Every structure is written in structure tokens, then in C-alpha cells.
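Walk through this protein one contact at a time. Start with a single side chain and work outward to the strands and the whole chain.

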Amino acid sequence: MLSLKNSFLPLILILSGCYSAIFAQVDTTAAGAKDINKASPVTENDPKIDSLPHSMDQAFIIRNIVFEGNRKTQDTILLRELPFKKGDSILLKNVPELFELAKTRILNLNLFQKGNVSVLLFDPPYVDIRIRVTEKLYLLPFPYFKPVDRNLNQWLFEKGASTARVDYGVKLLWDNVTGSNDKLRFYFITGYTRQLSFGYQRPYIDKKLKWGINVQVALGKNHEVLYNTVNDKQQFIKDSGFLRNFFDSKLEFSYRKKIYTTHYFGLGFHSLRLGDTVFSLNPNVINHSGRQIKYGELYYRMRYENVDYTPYPTQGHAAEIFVSKQGFNNSMNLWQLTAKSVGYWRLGRLSYYSLGASGTIKVPFKQPYYNQQLLGYGDMFLRGYEYYVIDGVAGGFVNASLATRLTNFSFSLPFLRRQFPEAVPLKIYSKIFGNAGYVYNPHPGPGNRLPNRLLFGGGIGFDIFTINNVTLKVEFSYNHLGENGIYLQKKEDVF
């Protein structure tokens, strides 16, 4: 077994992520302020300044900013994102770059299908600017059906597409509830998990549009519980009674003084009760002699995001630092530091490459199984290891990819024209990728061979970008064990 002293990769990953996140704070170059990016799924902005009789060095004063198409969204939400305001003086030669940046910031609100910033009227020495947007469908109540396994392949091939491992019910996704880019989430779920959850997020609660709030509450129970990892795979126990009852709550405040950086300050309360059968199989599942554990949580997150298009970045940088303290006694005592950073660079007209790193450390190192989830959970996963989890208290990964846009077209849905009046985009990217990772675990457990060693994988695949900014990923990947396969994923975040 490797000692932590000799296992320096986790520390390197964490420090590099922290450095990238700090460096990103002084990188003021806006991703959307450069020349047109053909690789992005966003269409080119048309500023409407061709064939003008005016000198390109002539200055104009912005007299009016007119919005069109934002039937629900408040003008103040859009005005906050713009790199200019009424009364500013701009040179005609800077208009295309400035308007492209304005469009990038507006689309990154994730409220619109389309957007364009153009000149409405030249009236020297004044100029009127028009911003035209097409709003998305904001209210989406529909049935909920989701396998509970970590990815679709695991559910289809390891679990035999068992309907017993599916959550189903109803979910209500309501974006832009009041026109201020707020979000309402309501889930009524049964099946594998019986859960009721509610969340409301509002980006701004003050007149200066800097402070926001996010409230989330969830409670539920399960017949089946994850109790251990053996041979690098999750082990579950199922019973006719409920083996897991949980309650989670969170109150979070956000602070966004400028455009690219947001600070989050949160506190939470959690309650978990497990059945006796779980403790008989793994006494170390939680660090508590009783069946129930209750603990509080405090955390801080800093997120920097300066990319050309948040749903599918092809240019720019993003970084995140997360620090949390869970529990304040022996039953739960966990400090956690996570750092992430990713960059996207153009390579020719239709191609781009990306490089990212993510690292986590949990102290003290002696933690119960419940606190040891690391690679293979959420967005912390290695491609090529989709069927495995790697538990530990420190580790991370680096990944790189090269992608090229293959198609760029749209099609209509006549039978859904009322719900989707705009043409449905379909953009396909081909890519090649590779990643490497490491997890330190002082007590890896029975048959677990992936902790405390360097892991690497790679492959090729396709990204399919379509309606409502959804990206489906189809990938053929391999790992150092000589295993390979085709895996399906859904892109959820900029990282």
C-alpha cells in the first residue's frame, strides 16, 4: 500500500486547481469578446453596421437600449449583463466585439433559445441599440423517470434495466417564475426512492442586484441501501422495510458583485437513519453507534465562469473552490476542500480543445464509509471506469479532449409547434479524449484494487447538442484494465 507521503498526485491536483481558480480572478479577458467562434453552438451575432457612411473611428453615445422578445424576463435582469449602458460612448469599430460579448452574457443566463444584439438607429452623435431574444419554455411539468444507478450503462447492463431501480413520479421545473431568472423545483417521487423535495432559487433579492438566495428541502426513504464497496463496485442491501430515512435542508446566500465570479455562503441540516441490517453488514457505514445521525453543515463556494456559452463551452475558463465543515462532534466530523478548474481553447474554425483538473481532500483521514465517496460519484468520474467507484479521502483527476463540430442544422416539429415554435437545433461534435486520476485510501477494503494507484483511460465519442440546451454524450472508452465499452452520458455542467 502506498503511503500518503509518497502519494503526491492528490496534493498536486488540488494545488493546481486552487492556483487556476485564483489566477482566473485576474483574467479579465471575456470569452465572448474575441472574434467569431464557429465551433460554438451559438449562431453568429449580426450587429447591423455594414455599409455605413460613418468613419469606423467615430464615437457614438448610447441613447436607448430597446429589448424585444423578453415577454417574461425583466429588462433589469438583461441590463445587468450588458458590457455597456445608456450614456456610454462607444467607437463604431468596437461595436461588433462589444455586441458579441453582450450576446454571450445574455445567452449564458440560460433563459433564451436565441439572441441578437444590433444597431437599431444611427442618429449622430447618438446610437440606439436593439436586443432581440427568443425565450425558452419556462414551465415544464412532466412525468419523472430516472434510473438510480450512477450512469445509464450500469442500469442497463449490470442491473438488467430493472424497474425496481427506477425513480418515477412527477416533477415541476419552473424557470423564470417572476421574470427575474428565479427557479422553482418540486419533485414527488416514488419507486426506488420515496421522496418529496422542494427548492426555490432567486439570483437577486436586493435592489443593487448582488445578493441572492437558495432554499432546498428534501425528505424520503429507501428499501435498498448502499452499505459498502467490494471489488471497486457498490454493494447494496434490500429489505421489505425501509432501511434508510433521510432529511436534508439547505439555506444558501449568493453574492455576485461583477459578472464572472459568484460567492456562495451556505448552511444546512441533515438527518440520516439506517436499519440494523446495514450495521450488521458494515459497522463502519457511519461513525455512530446508534441508528440515527443528525448534523449541521457550513460551507463556502467560489465559482468563476467566463466561457462563450455555458450549456456547451468551446472557449474560456471556469473554476470553483468549495470548503465545507460537516458535523461538530464525534458522530460527524468532516472538513472538505474541493478545487476544480477547466479551460477551453479554439483550434481552427470548427474545433476546440479543453483541459481540466479536479481534486478533493477530506480530513481527518479516518472517516466512515458514508464520507469516503470520491471518484465515480456525480461529476467526479473517470471515463473508462463507468462501472467502478473509487472511495477514499484524497484524490482527483485531470482530463483533456479535442472536439470538432460536424453538423449545424435545425428542424421543425410540426406536431409540437405550440410547445416548440422555434426550430429544434441539432449540432453534433466528434471528439477524442483522455483522463488520469488517483485516489488515496488508507484502508481500501476487501478486493478494492483501484485506490492508491494511478488510473488512466481514454476514447472517442460524439456530443449531441439539441433542444433546451441538452447535450447527450455517446462515448467509446477504455481503461488500464484493458476493458472498453460504449457509454451514454448527459452533460450537466460546464465542468
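Leaving aside residues up to four places away in sequence, L426 touches T407, N408, F409, F411, I464, F465 and T466. That is the picture in a predicted model. L426 itself sits in strand β20, which covers residues 424-440.

Take one of those partners, F409. It is 17 residues from L426 in sequence. In space, the C-alpha atoms of L426 and F409 are 5.7 Å apart.

Now take another partner, T466. This residue belongs to strand β21, residues 455-466. Seen from its own side, T466 touches V424, P425 and L426, again not counting residues up to four places away in sequence. So the contact with L426 appears in both lists.

Is T466 buried or exposed? Its relative accessible area is 17%. The cut-off for buried is under 20%. T466 therefore counts as buried, because 17% falls under that limit.

Move to another part of the chain. Strand β15 spans residues 316-329. How many of its 14 residues are buried? The count is 10, and the strand is mostly covered.

β15 has pairing partners to inspect. One is strand β14, residues 292-307. β14 and β15 run antiparallel and are joined by 11 bridges. To find this pairing in the viewer, look for E305, which stands opposite A318 in β15.

Another partner is strand β16, residues 332-346. Its pairing with β15 is also antiparallel, over 12 bridges. Here N329 has M332 in β16 as its bridge partner. What do β15 and β16 form together? They make a hairpin, with two residues between the strands.

One general point helps when reading such strands. In a regular strand, side chains alternate between the two faces of the sheet.

Finally, step back to the full chain. Five helices and 23 strands make up its list of elements. The chain has 495 residues, and 51% of them count as buried. How much of the contact network links residues 24 or more positions apart? Among contacts with a separation of 6 or more, such pairs account for 62%.

The surface completes the view. The chain exposes an accessible area of about 23700 Å². Carbon and sulfur atoms hold 59% of that area.

Technical notes: Residues are numbered from 1 along each chain as its sequence is written. This is a predicted model: local features need pLDDT of at least 70, side-chain atom pairs count only at pLDDT 80 or more; totals for chains, interfaces and linings use all residues. Side-chain values use heavy atoms; hydrogens and water are left out. Helices (H or I, at least four residues) and strands (E, at least two) are DSSP runs, numbered from the N terminus. Buried means under 20% relative accessible area, exposed over 50%, partly exposed in between (1.4 Å probe, protein chains only). Contact means heavy atoms within 4.5 Å. Accessible areas come from the Shrake-Rupley method with a 1.4 Å probe; for residues, only the protein chains shown count as cover. Two strands pair if DSSP finds at least two bridges between them.
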